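User: I am new to this structure and would be grateful for a close look at one part of it. Please begin with the surroundings of the ligand and then continue to the packing of the helices.

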Amino acid sequence: MKDEPAILGGSPVFDDTVVITKPTLPGADELIEQIETVLSSGMITTSKFVRNFEEKVSEYIDVKHAVAVNSCTSGLILILKALGVEGEVLIPSFTFYATAHAVRWNGLKPVFVDCDRGTYNIDPEEVEKAIGPKTSAIIGVHLFGNPCAIDRLEQIATKHNLRLIFDSAHGFGSRFHGSSVGGSGDAESFSLSPTKLITAGEGGMVTTNDDELAKKLKIARNYGDGGTYDCELLGLNARMPEISAILGISCLEKLEENVKHRNRLAERYKQNLSGIAGLSFQEIENGNRSSCKDFTVLINADEFGMDRDILSEALSKENISTRKYFYPPVHQQKLYTKYYDGRNSLAVTEEISSNVLSLPLYSHLEDNIVDRVCEAIEGIHEFSEEISDSKVF
Ligand SMILES: *Cc1c(COP(=O)(O)O)cnc(C)c1O
C-alpha cells in the first residue's frame, strides 16, 4: 500500500517547493567585463551589443533581419502598426492575452479562432472559415514552442491577400520542417522575458525577411523618429538597453543545449506518465521540434479520476507548482468578451483550456525531480476515489 498523498494528510513528496519555471542565467563573472565596457562607453542603449545580438539572432534563425525591442508585446504592436493593418485580425483564443493586446493597441478588432485538438495551435481550417470582408491579418502562435501550421497559414494568407504575423514568444529553439522558426510570414516577434528560453531581463526580437519592414521597425522602436525629428509613424520607445543585450547574447549561446535538455525532460515526463489513464500530451508533428517552453498535460477527468483543478490542488499540497496555461481563454476574459459574438465555435479551445495543466520545466531542471513529480501524480491518481470522497472540495 502506497503512502497517502499530502492532500489526504500524508507527508508531501517535496520539502521545498518545486517551482514551475525559472530562468537559467550566466554567472555575474561571465558578463562583468562587457558590462564595464558599456558603462565606461556611456552608450547604454541600442548600440554595439544590441547590434551584435541582432546579428547573432538573424544568423541562428537564418533570417535577413532581427530588430531588438523591449518586449514581444511591443514587437507585435509595432509590426501591426508598421504594416498598416486595418480592420479585423484573426487570432487564436488559446494563447497568452498579449497576442490580443497587440491587436487592441492598434485599435483593431480581434476575431478569435479555434485551435486544433492535437497541437493546441490555431486551426487553419477554422482560420479559412473565419475570413470575412474586413479581415486583414492572421496572427499564429507557436504555443508552448510547438510550431503552428506555418505552411498552411502562408497558403491561406497568400490566397486571401492577408498579412501573416507570428507571435513567437515561445519560439526560440523551435523548428518547423527542420528549420528554425522565425523567417515566415511578414514578421515574427520573440519574447526575452524571464520565463522564456532566452531572457534579456525583459526584451523582444522581431525577425523578418522584408527589408522595408525592418527599416520601418527600427524607426518605430525609436518613437517613430527616423532621425529627422519629423515623425512619420506612430512609434514607441521600444529600444533595448545594452546590458540586456549582453545577457541575451549569453543566453543565446546556451540555447541549443537548453532546448535539447528540455526535450529530453519532456520525453521523460511522457514516458513516466503514459501509463496513467486519462492523461495526454500536446502533439508535435513529425519533423518539427518544440522549444518545450512549457510542458503541459491534458486531463480527461472521467478517466483520470479527478479534474484538472483538483489535481493542481493536490500537487500544490505536495509542494509542486503548476499553472493553468492558458485559462481562461482570451475570449472569456473580461476585457475581451465583447469581441466574441459566438459565430466561430471555440469549443476545442474551451475544452482544452479547462483541462490543461503545465508541470515544472526549466532548462536546468534535474531528471530526478521530473521522476518524483510523476510519482506524485501517480500516487494522487491511485487515491482518486478517496480524494473525491474526502469532501476536501
Ligand atoms: C510571454 C508571451 C508574450 C509576451 O511577451 P513579452 O516579452 O512579455 O511582451 C506574448 N505572447 C505569448 C504567447 C507569450 O507567452
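**Ligand surroundings and helix packing**

Analyst: In this predicted model, Ser-191 places a polar side-chain atom 2.7 Å from an oxygen atom of the ligand. Thr-73 also approaches the ligand through its side chain, where an N or O atom lies 2.5 Å from a ligand oxygen atom. For His-170, an N or O atom of the side chain is likewise found 2.5 Å from an oxygen atom of the ligand. These three residues are among those that come nearest of the 14 around the ligand, together with Asp-167 and Lys-196.

Thr-73 leads on to the helices, since helix H3 spans residues 72–83. The axes of H3 and helix H7 (residues 211–220) come within 10 Å and cross at roughly 120°, which makes H3 oblique to H7. This crossing is right-handed. H3 contributes Leu-78, Ile-79, Ala-82 and Leu-83 to the contact, and H7 contributes Leu-213, Lys-216, Leu-217 and Ala-220. By class, seven of these residues are nonpolar, none is polar and one is charged.

A second helix pair is formed by H1 (residues 28–41) and H8 (residues 242–253), whose axes come within 10 Å and cross at roughly 155°. Angles over 145 degrees count as roughly antiparallel, and H1 and H8 are therefore roughly antiparallel to each other. Their crossing is right-handed. Leu-31, Gln-34, Ile-35, Val-38 and Leu-39 of H1 meet Glu-242, Ile-243, Ile-246, Leu-247 and Ser-250 of H8. This contact has seven nonpolar, two polar and one charged residues.

Definitions and conventions
Residues are numbered from 1 along each chain as its sequence is written. This is a predicted model: local features need pLDDT of at least 70, side-chain atom pairs count only at pLDDT 80 or more; totals for chains, interfaces and linings use all residues. Side-chain values use heavy atoms; hydrogens and water are left out. Axes are lines fitted to C-alpha atoms, for helices over the stretch in contact, and angles run from 0 to 180 degrees between N-to-C directions. Helices (H or I, at least four residues) and strands (E, at least two) are DSSP runs, numbered from the N terminus. Angles under 35 degrees count as roughly parallel, over 145 as roughly antiparallel, 65 to 115 as roughly perpendicular and the rest as oblique. A crossing is left-handed if the near helix is turned anticlockwise from the far one by less than a right angle, and right-handed if clockwise. Contact means heavy atoms within 4.5 Å. Ala, Val, Leu, Ile, Met, Phe, Trp, Tyr, Cys and Pro count as nonpolar, Asp, Glu, Lys and Arg as charged, and the others, Gly among them, as polar. A residue is near a molecule or strand if one of its heavy atoms lies within 4 Å of it. A polar contact is a pair of N or O atoms within 3.5 Å; within protein, one must be able to donate a hydrogen and the other to accept it, and residues adjacent in sequence count only if both atoms are side-chain atoms.
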